[in-house]
Amino acid sequence: MLNFEFQNPTKIIFGKGQIAALAKEVPADATILMTYGGGSIKSNGVYEQVIAALGDRKVIEFSGIEPNPSYETLMKAVEIMRAEKVTFVLAVGGGSVIDGTKFLVAAVDYEGADPWEILTKPVRTVKAMPFGTVLTLPATGTEMNSGAVITRYSTQEKLGMGGPGLFPAFSILDPEVIKSIPPRQLVNGVVDAYTHVLEQYMTYPAGAWLQDRFAESIMQTLIEVAPKIIANPADYEAASNFMWSCTMALNGLIQKGVPTDWATHAIGHELTALYGIDHAMTLAIIFPQLYKVQFDNKKEKLAQYGERLFGITEGSLEERATLAIQKTIDFLHSLGVKTRLSEYTSDYADTGAFVEERFTKRGWLGLGERKAITPAVARQIVELSY
Ligand code: NZQ
Ligand code: ZN
């Protein structure tokens with residue numbers, strides 16, 4: 001096991017009816033910017049619950065944070081925060097609203113020339129304006145981590161930011177919000193969370209038995225819960241297990257003491273930036289090919305995963321590892337997920353070359369747990385996904 005430090009300050013308030021807890025969690029004298037997306041919270045009752053819990057606090061609303069939150073939209077909110085002397089931000093939404101809010105709290109007092117530098121330099125955010133969240137879509141884990149991903153339309157870039165100042169003060173996780181989530185977003189949630197576990201697990205053995213079993217148990221739970229939640233998002237037992245699995249997949253716990261990969265996410269973000277493909281679907285396109293290209297580096301963990309998740313015990317290490325990749329692709333297909341880039345866009349022919357050039361320019365010369373994914377290897381992975 002590798003050395004590690006672990007600190008996660010986010011308070012989780014989990015369960016039915018817990019949105020009411022905002023009344024005690026949000027400072028009574030705060031000037032609040034309440035951020036949300038395109039309006040789902042207005043049709044599923046979440047908005048009313050939030051407003052009721054906030055009582056007579058001063059609340060300014062900022063809506064319209066889009067999926068894959070954009071710098072262009074968010075800078076409008078930064079202006080409002082400065083003009084209105086906002087002291088606390090409350091994000092009510094999915095990963096996009098929460099990530100967008102992390103950008104706001106980092107950008108509002110940013111002293112450099114342009115807050116976009118936070119993404120490009122990148123700047124580690126150590127201190128930011130306090131914020132809390134009401135999660136409406138389990139998927140990203142952003143409700144309990146200190147990362148965010150922001151898109152800039154004008155340059156077709158999608159980049160990450162982070163730092164200890166970006167943990168939410170609290171996050172309210174009421175599984176009842178899942179009832180109104182459309183099937184496409186439920187599938188996205190399952191695939192995103194599953195891939196988060198893979199990014200922190202499918203590397204090489206590090207003698208971290210407990211972390212491996214945490215990771216395997218999250219994936220096992222997601223496999224079990226996925227068909228149930230898609231068939232009936234009002235199934236509270238399934239919804240609560242789904243929600244907690246997504247949070248646990250990316251709150252920092254399972255990555256401690258182990259090597260991590262994250263190249264699937266880095267490459268996937270390019271597919272969203274170029275073609276607007278949903279984040280989770282970009283992962284489903286990339287990781288199966290990445291595992292084939294990085295087979296020798298990952299085969300031990302692939303075989304362990306195959307045995308523990310799918311009961312694969314027959315054949316050589318290589319045969320078991322190969323079958324484990326196929327079983328994972330079968331799982332994606334069972335959810336109706338398409339795993340080829342050409343199934344999402346017809347404009348794919350130059351994507352591999354584009355990714356190679358962009359990663360080279362950025363100096364991303366060796367991604368993955370062994371830094372083996374050079375820009376040329378990233379290109380090979382993308383081209384195999386056509
Ligand atoms: O905008 P509204 O109207 O709210 O509708 C949203 C949106 O259209 C809808 N939705 C959310 N909750 C709902 C609901 N519809 C009905 N009922 C509800 N209860 O779902 C749509 C998608 O929402 P979005 O927030 O974009 O989805 P998700 O949570 O999957 O977030 C994706 C973003 O998170 C980033 C992704 O890159 C992407 O930008 N990620 C953030 C990470 C992090 N900070 O740690 C890690 C991830 O790997 C990921 O990169
Ligand atoms: Zn993700």
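## The pocket around ligand 1

By class, the shell around ligand 1 holds 10 nonpolar, 20 polar and three charged residues. The structure you are looking at is a predicted model, so please read every value here as computed from that prediction. There are 33 residues around ligand 1, and those that come nearest are Gly-38, Ser-40, Gly-95, Ser-96 and Lys-158.

Where does ligand 1 lie with respect to domain 1 and domain 2? Domain 1 spans 11-176 and domain 2 spans 182-384. Both give residues to the shell, so ligand 1 lies between them. Try finding the helices and strands that take part: α5 (95-107), β6 (147-152), α7 (183-201) and α10 (263-275) each supply at least two residues of the shell.

## Side chains that reach ligand 1

Now zoom in on the oxygen atoms of ligand 1. One is 2.7 Å from an N or O atom in the side chain of Ser-40. For the side chain of Asn-145, an oxygen atom of ligand 1 is 2.9 Å from an N or O atom. With His-196, an oxygen atom of ligand 1 is 2.8 Å from a side-chain N or O atom. How much of ligand 1 does the protein bury? Taken alone, ligand 1 exposes 970 Å², and the protein buries 88% of that.

Ser-96, one of the residues that come nearest to ligand 1, sits in helix α5. Its relative accessibility is 22%, which is why Ser-96 counts as partly exposed: buried means under 20% and exposed means over 50%. The C-alpha atom of Ser-96 is separated by 8.6 Å from that of Ala-148, although the two residues are 52 residues apart along the chain.

## The zinc site

Next, look for the zinc ion, which is ligand 2. Which residues coordinate the zinc ion? They are Asp-192 through OD, and His-196, His-265 and His-279 through NE2, at 2.0 to 2.2 Å. Along the chain, these donors follow the spacing D-x3-H-x68-H-x13-H.

Two of the donors link distant parts of the chain: His-196 in helix α7 and His-265 in helix α10 are 69 residues apart. Both His-196 and His-265 are buried. You have met His-196 already, as its side chain also has an N or O atom 2.8 Å from an oxygen atom of ligand 1.

Asp-278 is found in the loop between α10 and α11 (279-293). Is Asp-278 buried or exposed? At 17% relative accessibility, Asp-278 counts as buried, because the cut-off is under 20%. The side chain of Asp-278 makes a polar contact of 2.7 Å with the side chain of Arg-184.

## Backbone details in the loops

Finally, follow the backbone itself. Lys-121 and Pro-122 are joined by a cis peptide bond, with omega about -15°. Pro-122 is found in the loop between α6 (117-120) and β5 (131-135).

Two residues other than glycine have a positive phi: Lys-85, near 55°, and Gln-156, near 50°. Lys-85 belongs to the loop between α4 (71-84) and β4 (88-93), and with 63% relative accessibility Lys-85 counts as exposed. Gln-156 is in the loop between β6 and β7 (157-162), and a relative accessible area of 38% makes Gln-156 partly exposed.

Key
Residues are numbered from 1 along each chain as its sequence is written. Chains are lettered from A and ligands numbered from 1 in the order in which they are written. This is a predicted model: local features need pLDDT of at least 70, side-chain atom pairs count only at pLDDT 80 or more; totals for chains, interfaces and linings use all residues. Side-chain values use heavy atoms; hydrogens and water are left out. A residue is near a molecule or strand if one of its heavy atoms lies within 4 Å of it. A polar contact is a pair of N or O atoms within 3.5 Å; within protein, one must be able to donate a hydrogen and the other to accept it, and residues adjacent in sequence count only if both atoms are side-chain atoms. Accessible areas come from the Shrake-Rupley method with a 1.4 Å probe; for residues, only the protein chains shown count as cover. Helices (H or I, at least four residues) and strands (E, at least two) are DSSP runs, numbered from the N terminus. Ala, Val, Leu, Ile, Met, Phe, Trp, Tyr, Cys and Pro count as nonpolar, Asp, Glu, Lys and Arg as charged, and the others, Gly among them, as polar. Domain bounds come from an automatic or database domain assignment. Donors are N, O and S atoms within 2.8 Å of the metal (3.2 Å for Na, K and Ca); water is not among the atoms, so sites may look incomplete. Buried means under 20% relative accessible area, exposed over 50%, partly exposed in between (1.4 Å probe, protein chains only).
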